[in-house]
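Visitor: Please show me how to read the features of this model, one at a time.

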Amino acid sequence: MVEAEKISKRVLYGLVAVIFVVFFLFFLYGFDRPFTDNPDFNDPLLTDVVLLLMGIMVVCGLAFALCSMLLSWRKRGKDNGSFNHIAVRRNACLVGGGTFLLLLITFILGNPHPIQVNGEEYSHSVWLRMADMFIYTGMILICVAIIVLVVSASRYLRKNRS
């Protein structure tokens, strides 16, 4: 196994372990604590820890993505944009552009109408559309990933039967 693959696998297992422990503690320790202003609502004790973990993961993900983009742009002049007969540069542009287009479309189609949150009306249309944008884009990308997984697995199975 290549050293980079070992490091990648260890980082993945470490992240999964940290996420599992944080969510396990979130649901088992202080989850049923009533909210002081309205006892009908829960006020989980470790909500801040979950939000902090999500924030750290988003910031690290963006930092690694930007670093990867900068490194690939620096390397761009040294090759013609392909690796093992795969058009890497074209594929990266298609994925990036498609994701941006999907985000834009789901933002435009987002619902700007006010909603009730914990008994109070929330009416800021930009943030409502942005929330819908991330929810719908996430659901679409998860469905696309499942479809791609099924199609690629079926092709792999067909190749092995031949």
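Visitor: Which helices each supply at least two residues of the lining of the second largest pocket?

Guide: A pocket is an open set of points on a 1 Å grid where a 1.4 Å probe fits, with protein on both sides within 12 Å along at least five of seven lines; lining residues have an atom within 4 Å of a point. Here the helices (DSSP runs of H or I, at least four residues) are α3 (88-109) and α4 (125-161). The largest share, four residues, belongs to α4.

The model is predicted; local features need pLDDT of at least 70, side-chain atom pairs 80 or more, while totals for chains, interfaces and linings use all residues. Numbering starts from 1 along each chain, and side-chain values use heavy atoms, without hydrogens or water.

Visitor: Which residues line the second largest pocket?

Guide: Thr 99, Leu 103, Phe 134, Thr 137, Gly 138 and Leu 141 do so. Three are nonpolar, three polar and none charged; Gly counts as polar.

Visitor: How do α1 and α2 pack?

Guide: Helix α1 (residues 3-28) and helix α2 (residues 47-75) have axes 9 Å apart, at an angle of about 160 degrees. They are therefore roughly antiparallel, the word for angles over 145 degrees.

Visitor: Which residues of α1 and α2 meet?

Guide: Contact means heavy atoms within 4.5 Å. Val 18, Ile 19, Val 22, Phe 23 and Phe 26 of α1 meet Thr 47, Val 49, Val 50, Leu 53 and Met 57 of α2. Nine of these residues are nonpolar, one is polar and none is charged.

Key:
Axes fitted to C-alpha atoms, helices over the stretch in contact; angles between N-to-C directions. Parallel < 35°, antiparallel > 145°, perpendicular 65-115°, else oblique.
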